[in-house]
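Work through the exercises below with the coordinates open. Each task is followed by a solution in steps.

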Amino acid sequence: MTAATVNPTDTYVRNGARADMLKQWPPPYVPGMDAAGVLDEIGPDVQTDLAIGDRVMAIVVPRGSNGAYAEQLVVPADSVVRAPRGASDAAASTLPMNGLTARQTLDLLALSPGETLAVTGAAGCYGGYVVQLAKAEGLRVIADAAEADEQLVRDLGADVVVRRGDDVAARIREVVPEGVAGLADGAVQNELVLPAVRDNGAFASVRGFSGPSERGIRIHPVWVGTYATERAKLDRLRELAEKGVITLRVAATYPPDRAGEAHRRLEAGGTRGRLVITF
Ligand SMILES: NC(=O)c1ccc[n+]([C@@H]2O[C@H](COP(=O)([O-])OP(=O)(O)OC[C@H]3O[C@@H](n4cnc5c(N)ncnc54)[C@H](OP(=O)(O)O)[C@@H]3O)[C@@H](O)[C@H]2O)c1
């Protein structure tokens, strides 16, 4: 592979926050959940429309040493599709993991066209894909943003942008007094943003928040690992990227020996677009 993104989850692998989960596998623990590059081998019994030499992108579920921060990677055939035409490997690598997480979020929330979805952390990689996929499916989107990100989030397609912060639920309620039908919580604000959701609405949590809920709101924990072999959905994301429906955003690229720098930069917050390690 020639490109692997740096995601928040990689920093937890590195800093020990995932130690309990990882210890079931022998070290070393290699992070990285998505990658792009060139397909150089196909397993003997694999049915695929891909050919050796194709430019591809893949979602990777690291179990011990098989993370995406590597020049060579073996993944299930259903985790790999062609890279979007016209995208660099770095740009292509930003799509699989967060694109599928956004896809899973919308599938779980199961809103109907015309219903309103709120998105926190909308300027982020996951939040941005949620906004763009939701708009493509006819939802009305209210997204949060810091003042400096307001134009970015509007450009992603949000219908209404409210100021981010601990009181964002109140600001969403000012726009939609009855509360939103669904909320995708990319900023991981959990119980702080639950009040933005209408009675019997739906809430997607991306870091394991599962309640307590209130007013009949269903909380859906999102775990992209369960979508890692949803090949048709990954290929649909490729198509949407080729059509310009979703935007691939690279903040900066780093050589592997500067991966630590990329981690520090991500952890500092404020990165817009993804940091990518290129090989
Ligand atoms: N469960 C899964 O399968 C899964 C899959 C993918 C991602 N995730 C999780 O989803 C979350 C988003 O990922 P990402 O890659 O999109 O991260 P990201 O690119 O860093 O985006 C997060 C966004 O939320 C903002 N934010 C952070 N704290 C906030 C707060 N208290 N109030 C308002 N905004 C806040 C960030 O702003 P600043 O940069 O200014 O801090 C940033 O714009 C991460 O926690 C990640 O671990 C989970």
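The exercises cover the domains, the two sheets and the ligand shell of this predicted model.

**Exercise 1. State which residue ranges make up domain 1 and domain 2, and describe how the two domains meet.**

Solution.
- Step 1: The domain assignment gives 3-95 + 248-278 as domain 1 and 98-224 as domain 2.
- Step 2: Between the C-alpha centres of domain 1 and domain 2 there are 26 Å.
- Step 3: At the contact, six residues of domain 1 meet seven residues of domain 2.
- Step 4: On the side of domain 1 that touches domain 2, three residues are charged, two are nonpolar and one is polar.

**Exercise 2. Give the strand order of the open sheet with parallel pairing, and find which strands stand at its edges.**

Solution.
- Step 1: Read across, the six strands come in the order β7-β6-β5-β8-β9-β10, and the pairing is parallel.
- Step 2: β7 (160-163) and β10 (218-221) have a single partner strand each, so one side of each lacks a neighbour in the sheet.
- Step 3: From one strand to the next the twist averages 20 degrees.
- Step 4: For a detail of the pairing, take β8 (residues 180-185) and β9 (residues 197-205), which run parallel and are joined by five bridges. D185 has S205 in β9 as its bridge partner.

**Exercise 3. Determine which strands helix α4 and helix α5 touch.**

Solution.
- Step 1: Helix α4 (residues 96-109) packs on the sheet and touches β5 (116-120), β8, β9 and β10. The direction of α4 makes about 155 degrees with that of β9.
- Step 2: Helix α5 (residues 125-136) also packs on the sheet, where its contacts are β5, β6 (140-145) and β8. Between the directions of α5 and β5 the angle is about 165 degrees.

**Exercise 4. Place strand β1 in the open sheet with mixed pairing, and decide whether its residues are buried or exposed.**

Solution.
- Step 1: The six strands follow the order β4-β3-β2-β1-β12-β11, with mixed pairing. The edges are β4 (80-82) and β11 (250-254), each of which pairs on one side only.
- Step 2: Direction ignored, neighbouring strands are turned by 25 degrees against each other on average.
- Step 3: β1 pairs with β2 (residues 34-38) in the antiparallel sense over two bridges. A3 stands opposite A36, and A4 opposite A35.
- Step 4: With β12 (residues 274-278), β1 is again antiparallel, over four bridges. Here T5 has V276 as its bridge partner.
- Step 5: In a regular strand, side chains alternate between the two faces of the sheet. In β1, A3 and T5 lie on one side and A4 and V6 on the other, and all are buried, which leaves both faces covered.
- Step 6: Helix α9 (residues 259-267) lies across β1, β11 and β12, at about 175 degrees to β12.

**Exercise 5. Describe the shell around the ligand: how many residues surround the ligand, and which elements supply them?**

Solution.
- Step 1: The ligand is surrounded by 25 residues, and the closest are G121, G124, Y126, A187 and G269.
- Step 2: By class, the shell has 13 polar, ten nonpolar and two charged residues.
- Step 3: At least two shell residues come from each of α1 (8-15), α4 and α5. The largest share, three residues, is that of α5.
- Step 4: Domain 1 and domain 2 each contribute at least three residues to the shell.

Terms used:
Residues numbered from 1 in each chain as written. Predicted model: local features only at pLDDT ≥ 70, side-chain atom pairs only at ≥ 80, totals over all residues. Pairing = 2+ DSSP bridges. Axes fitted to C-alpha atoms, helices over the stretch in contact; angles between N-to-C directions. Domains from an automatic or database assignment. Nonpolar A, V, L, I, M, F, W, Y, C, P; charged D, E, K, R; others polar. Buried ≥ 20, exposed ≤ 12 C-beta atoms within 10 Å, placed from the backbone. Near = placed C-beta within 6 Å.
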